[in-house]
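Student: I have a model open and want to learn how to read its features. Can we go through them one at a time?

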Amino acid sequence: MNKPTDKIGLNDIMKRAQEMQKKLQDIQKQVAEMEVIGQSGGGVVKIVMTGQHYAKKVTLDPNLLKEEKSIIEDLIAAAINDATDKIEKNLRDKMGGLAGIKLPEGLGDLPR
């Protein structure tokens with residue numbers, strides 16, 4: 001039988017949940033304020049995108065305009081995908097930091 005001191009306190013659980021919520025809010029704010037640059041074609045196409053996936057600016061190398069329309073379209077799509085990948089990676093990295101919050105001992109244990 002467990003001693004009373006071995007039991008997980010509700011206050012401790014609530015404190016940990018509040019810490020987790022605060023960290024999630026901080027991450028959401030950081031991601032919302034983030035800007036990344038997606039590129040393709042060795043930098044001939046650049047897209048500035050916010051963490052909320054809004055394109056803010058598109059830059060095309062003037063020499064690219066001599067290419068066929070379908071090539072330009074493909075490069076723009078690739079730059080958008082590159083920016084989106086960077087945002088998602090950044091978010092995964094930041095969310096991985098939440099694992100640093102330790103749950104009270106026994107909280108994750110399965111019943112025996």
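The dialogue below covers the fold, the strands, the core and the surface.

Student: What should I know before I start?
Tutor: This is a predicted model, where local features need pLDDT of at least 70 and side-chain atom pairs count only at pLDDT 80 or more, while totals for chains, interfaces and linings use all residues. Residues are numbered from 1 along each chain as its sequence is written, and side-chain values use heavy atoms, with hydrogens and water left out.

Student: How many helices and strands does the chain have, and what pattern do they follow?
Tutor: Helices (H or I, at least four residues) and strands (E, at least two) are DSSP runs, numbered from the N terminus. Here there are two helices and three strands. Along the sequence they read α-β-β-β-α.

Student: How do I read strand pairing?
Tutor: Two strands pair if DSSP finds at least two bridges between them. Strand E1 (residues 35–40) and E2 run antiparallel, joined by six bridges. E2 and strand E3 (residues 55–60) are antiparallel too, with five bridges. For individual partners, Ser40 stands opposite Val45 in E2, and Lys46 is bridged to Thr59 in E3.

Student: Which residues take a positive phi in the hairpins?
Tutor: The hairpin of E1 and E2 has four residues between the strands, and Gly41 has a positive phi near 60°. In the hairpin of E2 and E3, also with four residues between the strands, the residue is His53, near 65°.

Student: Is E2 largely enclosed or largely open, and why?
Tutor: Buried means under 20% relative accessible area, exposed over 50%, partly exposed in between (1.4 Å probe, protein chains only). Five of the six residues of E2 are buried, so the rest of the structure largely encloses this strand. Across the chain, buried residues are 20% of the 112.

Student: What does Ser40 in E1 touch?
Tutor: Contact means heavy atoms within 4.5 Å. Not counting residues up to four places away in sequence, Ser40 touches Val45, Leu75, Ile76, Ala78 and Ala79. Ser40 counts as buried because its relative accessibility is 8%.

Student: Where does the largest nonpolar core get its residues?
Tutor: A nonpolar core is a set of buried Ala, Val, Leu, Ile, Met, Phe, Trp, Tyr and Cys residues joined through side-chain atoms within 4.5 Å. The largest one has 13 residues, and Met34, Val36, Val45, Met49, Leu64 and Ile87 touch the most other members. Helix H1 (10–33), strand E2 (45–50) and helix H2 (69–96) each supply at least two residues. H2 gives the largest share, five.

Student: Which residues does Val36 contact?
Tutor: Beyond neighbours within four places in sequence, Val36 contacts Ile47, Val48, Met49, Ala83, Lys86 and Ile87. Lys86 lies in H2. With the same kind of sequence neighbours set aside, up to four places, Lys86 touches Val36, Ile37 and Gly38. Lys86 is partly exposed because its relative accessibility is 34%.

Student: And the surface?
Tutor: Accessible areas come from the Shrake-Rupley method with a 1.4 Å probe; for residues, only the protein chains shown count as cover. The chain's accessible surface is about 8,600 Å², and carbon and sulfur atoms account for 54% of that. Val58, in E3, is partly exposed at 45% relative accessible area.
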